[in-house]
Amino acid sequence: MRLIELFSREATALHVKASNKAEIIDKLVDLQFTHGNITDKEVYTQAIFDREEEFSTYVGNGIVVPHAKNNVVTAPSLAVARTAERIQYNPDDDEKSDLFFMIAAPMNGSLHVDMLARLMNLLAEEDFVAKLRTAKTEEEFLDMLDKAEQENFGSESFTDQEVAAKAKASGGYRILAVTACPTGIAHTYMAATNLEKAGAAMGLPTKVETNGSGGAKNILTAEEIAKCDGIVIAADKNVEMDRFDGKPVVITRVADGIHKPEELINKIINGEAPIYHAKSGHASASAASSGGAGDSIGSAFYKHLMNGISHMLPFVVGGGIMIAISFLLDDYSINPSGFGSNTPLAAFFNTVGSGAFGFMLPVLAGFIAMSMADRPGLAVGFTGGALAVSGVSFASIWNPETPAVSGGFLAALLAGFVAGFVVRYLEKITEKLPRALDGIRPMLIYPLGGILIVGVVMCAVNPIMGAINTGLGNALNAMGGSSKLLLGAVVGGMMSIDMGGPFNKASYAFGIAALSNGNYDIMAAVMVGGMVPPIAIAISTTFFPQKWTEEERNNGFVNYIMGLCFISEGAIPYAAADPARVLPSCIVGSAVSGALSMLFHCTLMAPHGGIFVFPTVGNPFMYIISLLVGSVVGAAILTALKKDKT
């Protein structure tokens with residue numbers, strides 16, 4: 001099978017009108033559906049958006065390659081759209097995009113991986129991409145693709161070694177590289193292609209191993225490693241590193257492999273690459289897990305924390321919503337103290353939801369530790385998180401009558417970082433053990449030693465963390481009047497500062513921490529604050545159209561839906577286009593909603609869901625009022641700040 005066979009006239013569209021990520025993805029999914037290879041359009045669309053949450057599929061030069069691997073895809077296929085005007089796909093993309101290639105990949109097989117490798121090779125040629133932008137018809141566009149594939153690869157089908165076809169050279173390879181991204185699709189192969197091209201242009205034969213979703217391809221041999229000048233690791237996930245012991249190695253992000261290939265190769269040629277020393281028993285590394293080249297302590301802390309929170313959220317959301325439903329279905333009059341479990345149906349939802357919710361803090365600690373110390377840190381982190389939840393201490397062990405006090409979110413946070421540091425310390429102090437013991441280090445020494453140490457630490461600090469947690473809970477419960485209004489305004493406003501960034505996530509994490517301690521009003525303020533930005537923008541585009549361009553007005557209605565679903569990111573394209581006016585307006589509106597939610601004593605036990613969980617809200621009518629008032633305030637300020645466009 002050749003690449004062109006995966007396209008079709010029906011799945012190709014030029015001169016597409018779209019102004020943001022959501023619109024172009026919807027168009028591409030519709031095009032993909034024409035192949036007849038997708039059995040459920042909604043599931044596939046959600047898979048695309050889930051993939052976008054993990055890692056941007058923007059690859060540079062105005063090109064985006066959204067993709068998803070899912071059970072609803074029966075065979076691999078490609079769809080392509082070219083927009084009439086360039087759009088800002090992600091706020092932080094270095095330029096706007098107009099070429100979009102969507103890949104639908106089945107769960108079984110690796111044909112899509114080879115397909116993508118060939119496509120990335122073609123798209124790496126700037127002259128070819130420029131020609132694609134001049135095509136006047138869909139037929140001409142596909143003919144250009146067909147001709148380029150023939151010129152570069154002949155009539156051959158995909159082969160496992162195709163990625164390295166242009167990198168082969170006599171006399172061995174001067175530069176070796178490994179590329180990998182979290183899902184192992186677009187960025188992996190784009191980085192590989194650019195590194196190979198840069199090496200060839202510099203007169204340095206280069207071979208790249210791709211750690212893609214179909215497994216490692218073009219694997220570096222021991223002989224090649226021994227003879228090369230150095231190795232570039234452009235990866236956002238762990239790759240096997242022990243084989244590079246004693247060689248100059250540059251470790252960086254996969255994005256740098258795409259955008260800075262010459263710079264990375266020059267570091268090796270100029271002798272600037274450090275010598276890599278393998279850690280026996282923990283032979284893997286990545287820019288992501290190490291915090292990235294040149295990352296500050298604060299940046300590394302944030303990455304480890306976000307790794308824990310991102311893995312924790314499914315347990316929080318799924319479990320929290322089920323618990324909230326149990327209260328909605330129960331009869332309070334039967335037994336007030338057992339509310340949530342008085343009826344069989346309510347008890348079912350409460351039991352299952354509580355089971356999922358109970359994993360929240362161990363998962364948080366486990367994946368923080370794993371981010372720091374790879375797989376050896378996972379068991380140690382989980383254990384530390386479980387001990388944080390239990391509140392066990394030396395006093396409670398020696399005297400069963402001494403109550404255990406859970407340290408909650410803060411204790412689990414501490415446990416995760418302690419576990420990560422402990423495992424990394426164990427790795428360091430066992431480096432010089434006989435190599436015959438390498439096999440038992442990750443299987444015995446790290447888990448046994450790590451769990452023992454983290455157990456001692458948590459038993460020692462749990463009373464302190466429990467007292468802090470109890471004190472914070474009591475302080476939050478005791479808040480009243482202006483203090484509570486201020487807190488609601490702060491957590492609500494933070495949801496709009498960066499809409500999905502560090503401030504937004506910090507506010508959301510605080511809401512979850514309060515939720516786990518039984519403070520449901522903070523979560524209510526957090527969610528209503530996050531709903532305001534898209535709705536405020538939608539109101540302004542609807543009632544004051546003269547302030548907005550035609551495209552912005554057309555997209556405004558979608559923001560009603562996104563806001564009601566608690567998807568703050570719907571406001572990002574507008575904020576990116578005019579941050580000085582959009583952000584302050586949204587922040588004020590969100591702060592007003594958060595403060596009003598607190599004023600009206602609204603509560604929320606479900607950590608996500610937007611309007612769909614409003615039936616579980618305490619004082620729902622005033623919660624809706626809080627949302628409406630904040631949205632109108634935000635829209636009014638935004639409209640006043642904006643200048644007429646027509």
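These exercises work through a predicted model.

**Exercise 1. A helix pair**

Task: Describe how helix α19 packs against helix α22, and find which residues make the contact.

Solution:
- Locate the helices. α19 spans residues 520-543, and α22 spans residues 579-599.
- Take the geometry. The angle is about 145°, and the axes lie 8 Å apart.
- Add the handedness. The crossing of α19 past α22 is right-handed.
- List the contact residues. α19 supplies D521, I522, A524, A525, V528, G529, V532, P533 and I537. α22 supplies V582, C586, G589, S590, S593, G594, S597 and M598.
- Sort them by class. Ten are nonpolar, six are polar and one is charged.

**Exercise 2. A strand and its surroundings**

Task: Decide whether strand β7 is enclosed or open, and find its partner strand.

Solution:
- Count the buried residues. β7 covers residues 175-180, and six of the six are buried.
- Draw the conclusion. Because six of six are buried, β7 is largely enclosed by the rest of the structure.
- Check each face. I175, A177 and T179 are buried on one side. L176, V178 and A180 are buried on the other.
- Find the partner. Six bridges join β7 to β10, residues 230-235, and the two strands run parallel.
- Pick out a pair. A177 has V232 of β10 as its bridge partner.

**Exercise 3. An asparagine in a loop**

Task: Place N218, classify its burial, and find what its side chain meets.

Solution:
- Place the residue. N218 sits in the loop between β9 (215-217) and α7 (222-227).
- Classify it. The relative accessible area of N218 is 4%, so N218 is buried. The cut-off for buried is under 20%.
- Look at the side chain. A polar atom of the N218 side chain lies 2.8 Å from the backbone oxygen of V208.

**Exercise 4. Two residues with positive phi**

Task: Work out where N61 and H601 lie and how accessible each one is.

Solution:
- Start with N61. Its phi is near 55°, positive in a residue other than glycine.
- Place N61. The loop between β2 (58-60) and β3 (63-64) holds it.
- Classify N61. Its relative accessibility is 29%, so N61 is partly exposed.
- Turn to H601. Its phi is about 60°, again positive although H601 is not a glycine.
- Place H601. This residue lies in the loop between α22 and α23 (620-641).
- Classify H601. Its relative accessibility is 60%, so H601 is exposed. The cut-off for exposed is over 50%.

**Exercise 5. Sequence against space**

Task: Describe V490 and its separation from V592.

Solution:
- Place V490. Helix α17, residues 482-497, contains it.
- Classify V490. With a relative accessible area of 39%, V490 is partly exposed.
- Set the two separations side by side. V490 and V592 are 102 residues apart in sequence, and their C-alpha atoms are 9.4 Å apart in space.

How values were computed: Residues are numbered from 1 along each chain as its sequence is written. This is a predicted model: local features need pLDDT of at least 70, side-chain atom pairs count only at pLDDT 80 or more; totals for chains, interfaces and linings use all residues. Side-chain values use heavy atoms; hydrogens and water are left out. Axes are lines fitted to C-alpha atoms, for helices over the stretch in contact, and angles run from 0 to 180 degrees between N-to-C directions. Helices (H or I, at least four residues) and strands (E, at least two) are DSSP runs, numbered from the N terminus. A crossing is left-handed if the near helix is turned anticlockwise from the far one by less than a right angle, and right-handed if clockwise. Contact means heavy atoms within 4.5 Å. Ala, Val, Leu, Ile, Met, Phe, Trp, Tyr, Cys and Pro count as nonpolar, Asp, Glu, Lys and Arg as charged, and the others, Gly among them, as polar. Buried means under 20% relative accessible area, exposed over 50%, partly exposed in between (1.4 Å probe, protein chains only). A polar contact is a pair of N or O atoms within 3.5 Å; within protein, one must be able to donate a hydrogen and the other to accept it, and residues adjacent in sequence count only if both atoms are side-chain atoms. Two strands pair if DSSP finds at least two bridges between them.
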